[in-house]
Every structure is written in structure tokens, then in C-alpha cells.
Amino acid sequence: MLQITPTLEIADWELTETFTRASGPGGQNVNKVSTAVELRFEAERSPSLSAPVKARLKRLAGRRWTLDGALIIRAEEERSQARNRAIARERLIELIRKALVAPKRRIATRPTLGSKKRRLKSKKERGEVKSLRGRVTGED
């Protein structure tokens, strides 16, 4: 079980980890040991997340969201497989916690009378500046 919040847990069957060889420097270690972790979370089929949370998670995930509704997180920063597993799980937890926070509804407001007057005054001044850019007629 992966603990997200005190009330939310993700079951082990929803998570799949695959290990591959990491790219980048590392000498012989990078050629021999599969330290990179690819964590796959079946978000669309998850019973622990509500529909609005899944929608926000999909938007936050971006390209990491697959067509079949899974979230894929890849970690290959460390030389240790265990550390990369922990990093991937922490990223997943952080992403789900962000998706749990519902955005505040925007309350529509009307512009004040002063702001309307300031806007119209600046438009009028700008129009006058532009009107003065015309051809100069001979006053001689």
C-alpha cells in the first residue's frame, strides 16, 4: 500500500514497476545494472480516486498519461535502484496530492467606475497620439 494522505491509500495492484538501464555517465555500473525505474500507476481504473481527481491528475500529468489511462513516472537520477524507486514513488505521491486540491471557484466581479473612466481616458489619449501621426499640411 502506498500512503498518499491519512485517508487515501493506493493498492499494490495499481502500481507496476519495471527496471531498465539508465542513460548517462556511470561507467561500468550503467552498462551492467538496471537502475532506472519506470513506475506505472493505473489511474483510470483506480477505485481510490474520484472522477474529478482523475481529471485533474490527467491534466497535471500531461505527456506522462497514456491512452489507456495509466500514469508513467520514470526516475533514473541515482545510481541505486532502491533510491530511484523511492524517487518515483515520491513523485507519484506529490502529483496525486496536487490533484486532490480542488481549485477555488472564481467569483465574477464588475469593474469599478474609476477603472472604466481610466481605461476610456487612456484610450482617448492614445487615439489623439495616433491621430497626430497623419500627414502634415503646409501652413505657409
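This passage describes a hairpin, a helix and a nonpolar core in a predicted model. Residues are numbered from 1 along each chain as its sequence is written, and side-chain values use heavy atoms, without hydrogens and water. Local features need pLDDT of at least 70, and side-chain atom pairs count only at pLDDT 80 or more, while totals for chains, interfaces and linings use all residues.

Strands β1 (residues 2-5) and β2 (residues 8-10) run antiparallel and are joined by 3 bridges. Pairing requires at least two bridges found by DSSP. Helices (H or I, at least four residues) and strands (E, at least two) are DSSP runs, numbered from the N terminus. A hairpin of 2 residues links β1 to β2. T5 has L8 of β2 as its bridge partner.

Helix α3 (81-100) has 20 residues, which should span 28 Å (1.5 Å times one less than the number of residues). Its end C-alpha atoms lie 29 Å apart, which agrees. At the helix start, a side-chain oxygen of S80 comes within 3.3 Å of the backbone nitrogen of A82. Buried residues (under 20% relative accessible area, 1.4 Å probe, protein chains only) of α3 include N84, I87, L92 and I96. The buried residues of this helix pack against β1, β2, β3 (15-20), β4, α2 and β5.

The largest nonpolar core (buried Ala, Val, Leu, Ile, Met, Phe, Trp, Tyr and Cys residues joined through side-chain atoms within 4.5 Å) has 24 residues. F41, L57, L71, L92 and I96 have the most contacts inside it. Helix α3 gives the most to this core, with 7 residues. Beyond its neighbours within four places in sequence, L92 is in contact (heavy atoms within 4.5 Å) with L2, L15, L39, F41, L71 and I73.

Key
Buried < 20%, exposed > 50% of the residue type's maximum accessible area, 1.4 Å probe, protein only. Polar contact = N/O pair within 3.5 Å; in protein donor to acceptor, adjacent residues only side chain to side chain.
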